[in-house]
Amino acid sequence: MRAVDVIHKKRDGGELTASELTFIIDGYCEGEIPDYQMSAWAMAVLFRGMTAAETAALTLAMANSGDQVDLAPIAGVKVDKHSTGGVGDKTTLIIGPLVASIGVPVAKMSGRGLGHTGGTIDKLEAIEGFRTELSRDTFLNQVNEIGLSVIGQSGNLAPADKKLYALRDVTATVESIPLIASSVMSKKIAAGADAIVLDVKTGSGAFMKTLDDAERLAQAMVDIGTQVGRRTAAIISDMDQPLGFAIGNALEVAEAVATLKGQGPDDLTSLCLTLSAHMAVLGGKASSVEEAEALLRKQLDNGEALAKFKQFVAAQGGDASIADEPNRLPTAPLAIEVKAAASGFVAKIDAERLGVAAMLLGAGRATKDDAIDYAVGITIRKKIGDPVTEGETIATLHARQDGSAASEAKAKVIEAYRFSAERPADRPLLLSVVTADGIERCGAAVQTD
């Protein structure tokens, strides 16, 4: 078998076999297939696409390129959750304890953030003492004992994905849906879960800007999961404005704690309940999403979800008292108010601009080697549809100092907001549910532009 023959076949629209895909992934990882041939193959995939069977075979080849996590020692159906990312997305901090509190084991490996704010691991490390590196036995034992552990992703989990993504990033092939889907799912499959729930974002603060594209990606990932024997469902949610009100690591931890107390923002609470309900169904703890949501809401109301969060934080060496005293979390020395430039209603928020503003303050990373400031970030005060008076505070910057970075961040926030004389129509948060049976759009779902 030769790489040129595989490239030629895909260029002409042929369907690659599992052995051909394994050959090209293994050859690239081992240095036997050079960058220029892999680039040609990726471009052929971008233009010609892949069948569901091809994408599943590619995903397995990438998953098999490194470590495989064996979760068999953990009792029960292990259900993982993955988000395609967004601004203010702190759902794992809520969903993990919530789902674990009803007996669904969550053994999760998460990554650090590159971009707007930190990833789940960075947010957890905003809690003093919290350890995200555990031995395999400690990790497995903790899930068996308390139902939940979240650790940093192994450096050798799906290494083919890391190498291929770096190449795609510089060869204009990032946008290929089969390659995006296999990138996400290869890591999820290698991480060992029995079932997977995907939170796919769409809108200005997401990678997928339109609902149609988000649905195509979600269907591709669900198809992969189905093909390789993992029960998989995807929820498509709106990211045309930040999720909740907090953007920034410690700020998001505090908002997650408030949500576990039943005092969180409506949008964040709603999305977490929906995602958790699908995890509960896949984990065999409820027969329907409606039954699961009722059970999970009770866990928020009776304090069981919060108690599980405290147990989880303490088990990994963190200061669990932050659940009762969130002011113990890192706090920025300056609070800079951003005022509305006009009166009216908030008509639009460019979530991506707000994410960039948070990164300018130090809440995220421009490069993988950048250090994160856990204390800084943004609290937004007004969301789409809210009335605003000129001069009223629309956001607060939590900054280390009032210098050029804070000034630039403030300008980004101002640019992110658009106002109108009339109140805009209500925006649905939940847009579609994607399963092996197909796509079901939620009642008020609309195409996002």
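The exercises below, each with a worked solution, concern a predicted model of one protein chain.

**Exercise 1. Overall form**

Task: Decide how the radius of gyration of the chain compares with that of a compact globule, and state which secondary-structure elements the chain has.

Solution: Begin with the elements, of which the chain has 16 helices and 14 strands. Next take the length, because a compact globule with 449 residues would have a radius of gyration near 22 Å, and the chain, with 22 Å, agrees with this. The box that the C-alpha atoms fill, taken along the principal axes, is roughly 65 × 45 × 45 Å. Finally, turn to contacts between residues at least 6 apart in sequence: 77% of these join residues that are at least 24 apart.

**Exercise 2. Surface and charge**

Task: Find what share of the residues is buried, how much area the chain exposes, and how far apart the mean positions of its positive and negative charges are.

Solution: Of the 449 residues, 57% count as buried. The area that the chain exposes is about 17900 Å², and carbon and sulfur atoms supply 49% of that area. As for charge, the chain carries 45 positive and 59 negative charges, and the mean positions of the two sets are 1 Å apart.

**Exercise 3. The nonpolar cores**

Task: Identify the residues with the most contacts inside the largest nonpolar core, and name the helix that gives the most to this core.

Solution: The largest nonpolar core has 82 residues, and those with the most contacts inside it are Ile127, Phe309, Phe312, Leu361, Ile378, Leu397 and Val413. Helix H12, which spans residues 266-282, gives the most to this core, with 10 residues. To see one of these positions in detail, take Ile127 and leave out residues up to four places away in sequence: Ile127 then touches Val253, Phe309, Val313, Gly318, Asp319, Ile322 and Leu329. Apart from the largest core lies another, of 35 residues, among them Phe139, Val184, Leu198 and Ala234.

**Exercise 4. A loop residue at Ile74**

Task: Establish whether Ile74 is buried or exposed, and list what it touches beyond its sequence neighbours.

Solution: First locate Ile74, which lies in the loop between helix H4 (52-63) and strand E1 (79-83). Its relative accessibility is 2%, and therefore Ile74 counts as buried, since buried means under 20%. When neighbours within four places in sequence are left aside, Ile74 is in contact with Pro105, Ala107, Leu140, Val143 and Asn144. One of these contacts can be followed further, for Ile74 and Leu140 are 66 residues apart in sequence, while their C-alpha atoms are 6.4 Å apart in space.

**Exercise 5. Two alanines with positive phi**

Task: Ala158 has a positive phi although it is not a glycine, and so has Ala172; work out where each of them lies and whether it is buried or exposed.

Solution: Start with Ala158, whose phi is about 50 degrees. This alanine is in the loop between strand E3 (148-152) and helix H8 (159-169), and it counts as buried because its relative accessibility is 1%. Ala172 has a phi of about 60 degrees and is found in the loop between H8 and helix H9 (177-190). With a relative accessible area of 56%, Ala172 is exposed. The loop between H8 and H9 also holds Ser176, which is buried, with a relative accessible area of 2%. Ser176 touches Val45, Leu46 and Arg168, not counting residues up to four places away in sequence.

**Exercise 6. Two partly exposed residues**

Task: Describe the surroundings of Glu392 and of Phe419, giving for each the accessibility and the contacts.

Solution: Glu392 is in the loop between strand E10 (387-388) and strand E11 (393-399), and its relative accessible area of 29% makes it partly exposed. Leaving aside neighbours within four places, Glu392 is in contact with Val338, Lys339, Ala340, Lys382 and Pro387. Phe419 is found in strand E12, residues 417-420, and counts as partly exposed at 24% relative accessibility. Residues that Phe419 touches, not counting those up to four places away, include Ala340, Phe345, Val388 and Ile394. Phe419 and Val388 are 31 residues apart along the chain, and their C-alpha atoms are separated by 8.5 Å.

Note on methods:
Residues numbered from 1 in each chain as written. Predicted model: local features only at pLDDT ≥ 70, side-chain atom pairs only at ≥ 80, totals over all residues. Heavy atoms only, no water. Helix = DSSP H or I, 4+ residues; strand = E, 2+ residues; numbered from the N terminus. Rg over C-alpha atoms; globule rule 2.2 N^0.38 Å. Buried < 20%, exposed > 50% of the residue type's maximum accessible area, 1.4 Å probe, protein only. Contact = heavy atoms within 4.5 Å. Areas by Shrake-Rupley, 256 points an atom, 1.4 Å probe, with all protein chains shown as cover. Lys, Arg positive; Asp, Glu negative; His and termini not counted. Charge placed at Lys NZ, Arg CZ, Asp CG, Glu CD. Core = buried A, V, L, I, M, F, W, Y, C linked by side-chain atoms within 4.5 Å.
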